[in-house]
Amino acid sequence: MSTPTPKLIYPAPFPGRGEHIRLLLEESGTTYTEGTIEEFQALKSVDSVGDKRNTPLFAPPFLQYGDLTINQTPNILLFLAQKFNLAGDPSDPHTVCRLNGLVLTALDGFSDEIHGCHHPLGGNFYYEDMKAESLARSKDYVKNRLPLFLGYFQRVLKGEASGEGPWLHAGMFTYADLTLFSCLSGTRHQFPKAFQRAEESGKYDLVFKLYKAVHNRPRIKAYLESERRRKYGNGIYRHYPELDVDPEV
Ligand SMILES: N[C@@H](CCC(=O)N[C@@H](CS)C(=O)NCC(=O)O)C(=O)O
């Protein structure tokens, strides 16, 4: 039986949550395809009840792999990382839970909370209608939340369990490193001033070392410089100059 070709269904013009998955696929060197807007709409439809094997899906990104269709970014990442040897030993629950925990924390701190900075009242509101709340939330994020999450990953990297080298887990490169990189890349786009302050402070040197090490992996570097890399826009990671708060000022 031939191996299925993964299909990522996230037809947005910006990187968004789909990018965490795209980076993993790029790093794996596998051939993958991207779904069309029609496939996206069919899966997202509120009339969909799924099929014999698949439940209906709630929100993108979606992944099709053979007759399996799944959603939830960390769920897709876990599935693909195990398939493409980016998740250590998948038969070891300690490894599986540790890596998943790191990925979920990166997504909490550098994806979901970042989205909350420009949509503090919820996704059904326009940014223009919650500018004051967005500014308050962004100020709190860069002063308190960003250092907290960066500090957490610095502690992980300092800890014995991270092993040798720049990676988060047992001295080996895994999808947790990729996801942290992907999340930090978006955070940098949204809050360049705070990101630069954090880097210059020297307090999170191991985190920034990891960031550069992932950026310089040959397949990642080639992908980031390619036409395939979408430009940030109206997705999770948005650069509003008025929200680009300098935490030192
Ligand atoms: N926890 C989900 C969140 C998925 C999500 O919120 N997707 C966005 C697009 S990036 C969406 O379309 N949400 C629609 C909604 O929540 O109503 C994940 O990590 O995949």
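Which polar side-chain atom lies 2.7 Å from a nitrogen atom of the ligand? To find out, select the ligand in this predicted model and then display Gln 72, whose side chain supplies that polar atom, at 2.7 Å from the ligand nitrogen.

Keep the ligand selected and turn next to Pro 60, where a polar backbone atom is 2.8 Å from a nitrogen atom of the ligand. Then show the side chain of Arg 17, in which an N or O atom is 3.3 Å from an oxygen atom of the ligand. With these contacts in view, consider the ligand's surface: taken alone the ligand exposes 490 Å², and the protein buries 62% of that area.

Now extend the selection to the residues around the ligand, which are Tyr 10, Arg 17, Phe 58, Ala 59, Pro 60, Pro 61, Gln 72, Thr 73 and Pro 74. If you colour this shell by residue class, you will find six nonpolar residues, two polar ones and one that is charged.

For the second stop, leave the ligand and select helix α7, residues 192-201, together with helix α8, residues 205-215, which pack with their axes 9 Å apart and at an angle of about 115°. Because angles of 65 to 115 degrees count as roughly perpendicular, α7 and α8 are described as roughly perpendicular to each other. Show side chains here to see the contact, to which α7 contributes Phe 195, Ala 198 and Glu 199, while α8 contributes Phe 208, Tyr 211 and Lys 212. Coloured by class, the contact of α7 with α8 comprises four nonpolar and two charged residues, with no polar residue.

Technical notes
Residues are numbered from 1 along each chain as its sequence is written. This is a predicted model: local features need pLDDT of at least 70, side-chain atom pairs count only at pLDDT 80 or more; totals for chains, interfaces and linings use all residues. Side-chain values use heavy atoms; hydrogens and water are left out. Axes are lines fitted to C-alpha atoms, for helices over the stretch in contact, and angles run from 0 to 180 degrees between N-to-C directions. Helices (H or I, at least four residues) and strands (E, at least two) are DSSP runs, numbered from the N terminus. Angles under 35 degrees count as roughly parallel, over 145 as roughly antiparallel, 65 to 115 as roughly perpendicular and the rest as oblique. Contact means heavy atoms within 4.5 Å. Ala, Val, Leu, Ile, Met, Phe, Trp, Tyr, Cys and Pro count as nonpolar, Asp, Glu, Lys and Arg as charged, and the others, Gly among them, as polar. A residue is near a molecule or strand if one of its heavy atoms lies within 4 Å of it. A polar contact is a pair of N or O atoms within 3.5 Å; within protein, one must be able to donate a hydrogen and the other to accept it, and residues adjacent in sequence count only if both atoms are side-chain atoms. Accessible areas come from the Shrake-Rupley method with a 1.4 Å probe; for residues, only the protein chains shown count as cover.
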